[in-house]
Amino acid sequence: APRSRQPAAGSADALGPEAEESRAQELDVIARGNALESFTESQEVRGLVGGLAAVCGDRTARETAVEKFIVIMDKYQEQPHLLDCHLEWMMNLLLDIIRDSASPSELFHLAFKFLYIITKVRGYKRFLRLFPHEVGDLQPVLDMLVDQNPKDCETWETRYMLLLWLSMICLIPFDLARFDGNTVSEEGHARMPTMDRILKVAKCYLVVSDKARDAAAVLVSKFIVRPDVRQKRMADFLDWTLSMLSKSSFQTMEGTVVMNGMLQALAQLFKHGKREDCLPYAATVLECLDNCKLSESNQMVLRKLGMKLVQRLGLTFVKPKVAKWRYQRGCRSLAANLQAKGSVTQSQMINVAANEAEDEEAYDIPGEIENVVEQLLVGLKDKDTIVRWSAAKGIGRITGRLPKELADDVVGSLLDCFSFQETDNAWHGGCLALAELGRRGLLLPSRISDVVPVILKALTYDEKRGSCSVGSNVRDAACYVCWAFARAYDPSELIPFINQISSALVIAAVFDRDVNCRRAASGTFPHGIDILTAADYFAVGNRVNCYLTISVYIAGFPEYTQPMIDHLVNMKINHWDSVIRELSTKALHNLTPRAPEYMANVVLPRLLPLSVGTDLHTRHGAILACAEITHALCKLAEENNSSCNLSFFCIYLFVKFIFTVCTLIEKLSLSKMPFRGDPIIEGWQWLINDSLRSLPLVSSTARQHIKESAVSALAALCNEYYINEKGEADPALQDELVTRYISGLQNTEEMIRCGFSLALGALPRFLLKGRLQQVLEGLKKATIISPEDVSFAQSRRDALIAIAKVCQTVGVKGEGSQEEYVCKDNVTQIYATLLNGVTDYTTDSRGDVGGWVRKAAMTSLMEVTLLLVQNEAELINANICKQIMCWLAQQAAEKIDKFRAHAGSVFLTLLHFDRPPVPHIPHREELERIFPRSETETLNWNASSEAFPRITQLLGLPTYQYYVLLGLSVSVGGLTETTVRKYSAQSLFEYMKKIQNDSSDMESFCETLLKVFEDNLRNDRVSVPLLTMLDQMLANGCFDIFTMQGNHPFPVKLFTLCKEEIKRSKDIRKLRSSIGVFCGLIQFEGDMREKVLFQLFLLLCHPFPVIRKTTASQVYEMLITYSDVVDPAIMDEVMTILSDTNWEAELPVVREKRNHLCDLMKVPKPQLVSKVKALPRNAPAVALCSRE
C-alpha cells in the first residue's frame, strides 16, 4: 500500500552535499530503528509512580524521577498508540495520589506533572475521555482549580490538567443550577453560582501566557455549548472575547498573549458548537476579526489562529452538506478492480451531470463567504507553512459546501497563485490547496487540463536567493498534489497526462537537489514496480547514487530517456550549486550509451552556444557537459570499433573560449582526439600552466578542486600528445616543462609552489627520464623551512606528496642511474627529505599547520617504503627503517586525533605488510603481540581510550621508548582537560605502576625522560607540557622508588633542568608548571629539599603577582602533604604566613614575609642583585651566589 504523504515545511535550500547526505543517512537509521512493538516499561513506571511519595520531599530525587519518566515516555513519541491499553491504570494511580487529602503539595503537583508528560506524548484528545467525570467530581476539581495560583510558573502542569479534567466533567447531562443549592453562604454573602465560577476560571486562564491557556480554550468549547450555559452566558462570553480582542494589540507581549487566548477560544467554540447556535454571532465575530488585521502581525501563531477561526466562521455561514456535484471514483474496491482487469467502464462512474440539478437547491450563499474565501486565498501566500496549510484545509472544507459555479470560481482564483510574479510561498500554498481540493473530489476532471501544466512547473520550481535557493517546499507540495490526484481520480481521467506527470515525477525522484523531494516523488509511474525497486525510499536518499546509478537504470525505459536528458540540459547544468552542475554532467556521461544519436546530433549542438554564453554557471556546466558527453561517445565508439569525429565541436569551443577548462582538456586527451602536432596543444598547455599560476587569485574553497583538475589534465595531455613513437619526449619540450616547474617551486606565492609541485608529481616517466635528480633536488628545497617561507606549510606538504608520486612513476632499480630510477645512490637522500617532514611543527594563526606536512610525510614514507619492499627491499637499511617506525610511534602518541590516527594506520600498515614483509622493523614480534593483525581494522586510533593503552606499551621497548615518551609528553601535559589528556595520563601511570618494583626499568625510563627534557630545553612546544606531565607523575608517586635514596641523581638532574628551563622566562604557564615540579621534588630526601625550598622561596618574590600567589598556595599544600619537611614547632606559624599574606602586594612587603619564612625554616635568604653597567674587559668579576 502506498505510504501516506504530508507536505514538508519550506526552508531555504542551502544545505551542502555532505550535510544533506549525512542528514539523509541519519533519518534512515532513525526510520529503521524506531519500530517498537509494545510498552515494555510498565513495571518500571509502576515503580516510579509508587515511589513518588518517597521522593517528593527531596528536590534532586524528584527531578531524577521526572527525568526518568520523560525518557521512558519520549521513546513512544513516534508510536503513542502503544500506550493506549496502559493509560487507564497510569491515570488511576496518579489520581489516587491527587485525591488523597494527606498528599503534600509537592506530591500533588508532581502527580499532575506525570499526567502532563503522558498527555504530551499521547495527545490530550485521547487522554481526555479517560478522566473520571461523575457528578461528585465537579466541586472537588473546581475547588482544586480555584486554589491554584495562575502566576506560579512551577506548577503550570497542574493547572493545565485540572482545566482539561474540568472540561470533561462539564459534559455531565445535568443543569448546573442543581449544584448551587442555597445561594447564600454561611457568612450571609451571596454565593457565586457554579456556572459563573467555571466561567470565571475559564476567563482567568484564557489570558495567561502558559500552556493552561490552551486547556482553557478546550474548556470553553465544551462548557459554553451546554444547553443551559448557551442560553444564559454565550452572548455575554462572546461579547467579552470580542471586547478583549478589540482592546488588545499584537504589538505588545501582553496583547499577543490575550489575543492568542481569545482566538483559541473562538476557534474551538465555532468548531464544537452547533451551527444554529453560532450563526447569529458569526458575522459580528468576522467583522471584529477583520478589524484586528492579523495578517499584519509578525506573530505566526496569531495568524494561524486567525486563519483557523476564519475557516470555522465560513463553515458556519454555509449549510453542512456534501456537494453532490463532487467527483467520485465509482469503484474503490480492490477485488472489483481486479475482476475488471484494469478496464473501467462507464457504468462504474457516478453520473455527475444527473445529480447537478438535485444539488442546485435554492439557498442563498451569504455575502460574508466572499470575504472568508478571500482571506483564505491571502492566507495561502503567508510566509509561514502552518498558516498556509491551515488556509489550504479551509479552502477545501468550504469549497465542498458551495454550489458548482462558485466552487469553480474558487478554483480559478486559486490558479492565479501560480504566476511567476508570485513568491514561492504562494506556489506552496496553492499546491497544498490543489491537493486538498483533489483529495476531496472538488476538482472536476474538466479542470485537470488547467492544473497539470501548473503542477509540472511546480515540480521543477527553484528560485535563486543570494547564496542558496528556495523552492524545495513547493516541489514537495507538488508531489503531494500528484499523490492526491492518483488516489482521487480514476486512471482513465489521467491517461492524457500520465506521460507528462510520470516523467516529471521520475525526474524529481532522481535529480531533485533536496532529499525530501526525491523521496516524496518516488511514487507510482508506468513500470512502477521495476522503478520503485531501484528507486525506493532509502535508495533515493543518496544524491550521488541517484544521479550516477539509478538514473541510468530508469533511462533504460524509453519513455523516460529523452525527458531525463532534456531536464539535465535545460535545468541542471546551469544550476547555482556547482555540485549539482558537476553531478549533472557526470550523469549525462553515464546516460550517453542510452541515446548516443540524440546526444551527438541534438544535445551537443545545443550545448556549444551555451558554453560561450554570458552566464558563468551555464558556461561552466555546458563546458563540463561537452567534455563528459564527448568522452562517453568516444568510449562507445571504441567499444563498437567505429570512429568518432567530434573535432569540429572541440575546435569551435576552443576558438570561442579563452580561459581554463581543465576537465575538458583531460577528457579530450583521454578521448585520443587527433590533435598531435596541432597548435591547439600549445593552447591547452598554456591554459594548464595559467591555471596553476592563478591559484592565489581564487578562493580557498576552489583551490584544491582547480589544482586537482589542472594536474589531472596535465597528466592526460602529456601521456597522449608528448610521447613519440620511441616512447620518448622531445628534449626541448622536456627541458622547457621541467625547468619551468622547478623554477616555480621557489615562487614567492605559496599556492604557485603547491601547483607546480603537484605538476612535477604528475609528469609521466618519459618526461622525468634523465631529469630525476634535478626534480628531486627542486622538491627537496621546497620542503626546507626558511625564515621567508616558514608559513608555507601547504607547499611543503604538496612537495612531499610529489616526491612519493615521482618515485612511484620512475620505479626502482638498485644499480640503475640516479637520473632515471630510485636507486642506491639517491634512496638515502629521498628518505632524509621525507623524514625531515615528520619534524615539521610549524604553527601560525591557523593552528598546527605543520600537521599537514607531517601527515603528507607519513603517507609518502609509507608509499616509498612499500614501493622499495615490493621491488628491491635491500635498499632499505636497518637505520632508515628504525627512524621511520620510531617517528611514526611518536606521532601515534601525540594529542591531535586525526594525525594520531593517520600515524597509527601507517604504522600498522608497515608492520603487517607481507608481500613481502618490511625488513629491519625493530621488535617486530613484540609489536605484533601488542597490535595483532586481527585488530588492524577494528582498532580506532581516533579514540583516546583505545589508542593510548596500546601505544604506551611501546615504552617497554628500548628502541621506541624515547620517541613514545616524547609524544606522550605533549598529550599528557596538554593545555586543557580533554579525553586525550585523561587517557594518555591514565595509560602512562598504569605503565609506571608495572615497572615500579623493577629498578633497572625505572632507571632506564628516568634516563630517557631526562634525555627528552634535555634535548627539548626551551622548546616550549615540548618543555611546557613536559613540566605539566612531570608534575602529575610526581603527584602520583611514579618515582617513589627513589625517594628513600639520598641525593639520587634523577631528582638532582631534573631540578637542574627545571631551573635552566625557567631562567629568565616570562611564560606564566611554564612558571606555574615548574612550581608544581619543584613542590613534587620535595619528597626526595637529602640536599634536594634545601635546594627546592630555596627555589620556591625565590619564586615567592617573583615580579609577577600571579606566580607569587600560585607559589604560596602550592607550598601550603606541599607542607600539608609532606609534614616532615617543617619542624612541628613552627608549622602553624609557617602555614599562617603562607595563607594570610597578600602575596599580590608590593614586593618590599612580600619580601619581608618571605625572608621571615626563610629564617623560620633555616633556608638561605635570596639576595637582591643590583643591575650594573658592563665592566671593562680586565675588571675583576664579582661572584654572586643567588639573585632575585
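This is a short dialogue on reading helices, burial, surface patches and aromatic pairs in a predicted model.

Trainee: Where do I start with a chain like this: how many helices and strands are there?

Mentor: Begin with the overall make-up, and keep in mind that the model is predicted. The protein chain has 58 helices and two strands. Of its 1188 residues, 53% are buried. Contacts help too: among those between residues at least 6 apart in sequence, 72% join residues at least 24 apart.

Trainee: And what is the accessible surface of the protein chain?

Mentor: About 53900 Å², with 52% of that belonging to carbon and sulfur atoms.

Trainee: Now a single helix. Which residues of α45 are buried?

Mentor: A helix has a regular repeat: at 3.6 residues a turn, residues three or four places apart point the same way. In α45 (residues 897-912), twelve of the 16 residues are buried, including Phe 899, Val 906, Phe 907, Leu 910 and Leu 911. Its end-to-end reach, from first C-alpha to last, is 22 Å, close to the 22 Å expected.

Trainee: What covers the buried residues of α45?

Mentor: Several helices take part, among them α43 (850-871), α44 (878-892), α46 (924-930) and α49 (979-994).

Trainee: Why is α34 described as largely enclosed by the rest of the structure?

Mentor: Count the buried residues. In α34 (residues 662-670), eight of nine are buried, so the helix is largely enclosed by the rest of the structure. Among them are Leu 664, Ile 665 and Leu 668, but also Glu 666 and Lys 667. Just after α34, look at the backbone of Lys 672, which takes a positive phi of about 60 degrees.

Trainee: Turning to the surface, which residues make the nonpolar patch of about 210 Å²?

Mentor: Met 300, Val 301 and Ile 386 make that patch. Met 300 sits in helix α15 (residues 300-317) and is partly exposed, with a relative accessible area of 32%.

Trainee: Last, the rings. How many aromatic pairs does the structure hold?

Mentor: There are 29. To read a pair, check the distance between ring centres and the angle between planes; an angle from 30 to 60 degrees counts as tilted. Phe 420 and Trp 427 have centres 5.1 Å apart and planes at 45 degrees, so this pair is tilted. Phe 420 is exposed at 54% relative accessibility, whereas Trp 427 is buried at 0%. Both residues belong to one aromatic cluster with Phe 418 and Tyr 461.

Trainee: Are the rings of Phe 1042 and Phe 1050 stacked or tilted?

Mentor: Tilted, because their planes lie at 50 degrees, with the centres 5.9 Å apart. Here both Phe 1042 and Phe 1050 are buried.

Key
Residues numbered from 1 in each chain as written. Predicted model: local features only at pLDDT ≥ 70, side-chain atom pairs only at ≥ 80, totals over all residues. Heavy atoms only, no water. Buried < 20%, exposed > 50% of the residue type's maximum accessible area, 1.4 Å probe, protein only. Helix = DSSP H or I, 4+ residues; strand = E, 2+ residues; numbered from the N terminus. Contact = heavy atoms within 4.5 Å. Areas by Shrake-Rupley, 256 points an atom, 1.4 Å probe, with all protein chains shown as cover. Expected span 1.5 Å × (residues − 1). Patch = residues over 30% accessible without salt bridge, like charges linked within 9 Å, V, L, I, M, F, W, Y side chains within 5 Å. Salt bridge = Lys/Arg side-chain N within 4 Å of Asp/Glu carboxyl O. Phe/Tyr/Trp six-rings, centres within 6.5 Å; stacked < 30°, edge-to-face > 60°.
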